Amino acid sequence: MATINVAGKDIEVDEEGYLVNRADWNEEVAKIMAKGDNCDLTDSHWEVINFLREYYEEYQIAPAVRVLTKAIGKKLGADKGNSKYLYELFPYGPAKQACKYAGLPKPTGCV
């Protein structure tokens with residue numbers, strides 16, 4: 001099992017970098033994961049990450065990109081609920097990359 005070091009503590013991640021234990025997540029974990037992808041998290045990133053965490057709490061599932069796009073459009077507006085905007089924030093795949101930073105499991109349907 002791989003680990004990432006956050007504030008001197010080793011946190012277990014799987015072979016793709018997703019948290020093994022969701023309870024280990026905090027904003028610092030997200031920042032370290034993003035740094036590994038050469039990504040600085042902005043308020044726009046946090047908006048999507050926090051949306052995903054709320055979505056997961058409610059539905060107990062990480063949404064696939066199509067569902068994510070539609071749900072974000074409903075909550076945050078059409079200018080943010082589109083693939084172009086989400087891919088600019090998360091170029092490795094909005095659902096996959098954002099879920100990883102949010103400490104959630106890999107979305108079903110993501111390769």
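## Exercises on a predicted fold

The protein exposes about 6400 Å², and carbon and sulfur atoms supply 49% of that area (Shrake-Rupley method, 1.4 Å probe; for residues, only the protein chains shown count as cover). The model is predicted: local features need pLDDT of at least 70, side-chain atom pairs count only at pLDDT 80 or more, and totals for chains, interfaces and linings use all residues. Residues are numbered from 1 along each chain as its sequence is written, and side-chain values use heavy atoms, with hydrogens and water left out.

**Exercise 1. Describe the overall architecture and dimensions of the protein.**

Step 1. List the elements. The protein has five helices and two strands. Helices (H or I, at least four residues) and strands (E, at least two) are DSSP runs, numbered from the N terminus. Their order from the N terminus is β-β-α-α-α-α-α.

Step 2. Check compactness. The radius of gyration is 13 Å, close to the 13 Å that the globule rule gives for 111 residues, so the protein is as compact as a globular protein of that length. The radius is taken over C-alpha atoms, and the rule is 2.2 Å times the number of residues to the power 0.38.

Step 3. Add the extents. Along the principal axes, the C-alpha trace spans about 40 × 25 × 25 Å.

Step 4. Look at burial and contacts. Of the 111 residues, 42% count as buried (under 20% relative accessible area; exposed is over 50%, partly exposed in between; 1.4 Å probe, protein chains only). Take the contacts (heavy atoms within 4.5 Å) between residues at least 6 apart in sequence: 50% join residues at least 24 apart.

**Exercise 2. Decide why helix 5 is described as largely enclosed.**

Step 1. Count. Seven of the eight residues of helix 5 are buried, so the helix is largely enclosed by the rest of the structure.

Step 2. Name them. The buried residues are Pro94, Ala95, Gln97, Ala98, Cys99, Lys100 and Tyr101.

Step 3. Find the cover. It includes helix 1 (27–36), helix 2 (43–59), helix 3 (65–76) and helix 4 (83–89).

Step 4. Look past the end. Gly103 follows helix 5, with a positive phi near 75°.

**Exercise 3. Work out the surroundings of Gln97 and Lys100.**

Step 1. Start with Gln97, in helix 5 (residues 94–101). Gln97 is buried, at 4% relative accessible area.

Step 2. Trace the Gln97 side chain. It reaches the backbone nitrogen of Tyr92 at 3.0 Å. Leaving aside neighbours within four places in sequence, Gln97 is in contact with Asp37, Phe90, Pro91 and Tyr92.

Step 3. Move to Lys100, also placed in helix 5. Lys100 is buried, with a relative accessible area of 16%.

Step 4. List the Lys100 partners. Beyond four places in sequence, Lys100 is in contact with Glu16, Gly17, Tyr18, Met33 and Asp37.

Step 5. Take one C-alpha separation. Lys100 and Ile49 are 51 residues apart along the chain, yet their C-alpha atoms are separated by 9.1 Å.

**Exercise 4. Which phi sign do Asn38 and Gln60 have, and are these residues buried or exposed?**

Step 1. Recall the background. Most residues other than glycine have a negative phi.

Step 2. Take Asn38. Its phi is positive, about 55°, although Asn38 is not a glycine. Asn38 sits in the loop between helix 1 and helix 2. Asn38 is exposed, at 76% relative accessible area.

Step 3. Take Gln60. Its phi is positive, about 60°, and Gln60 is not a glycine. Gln60 lies in the loop between helix 2 and helix 3. Gln60 is exposed, at 51%.

How values were computed: A polar contact is a pair of N or O atoms within 3.5 Å; within protein, one must be able to donate a hydrogen and the other to accept it, and residues adjacent in sequence count only if both atoms are side-chain atoms.
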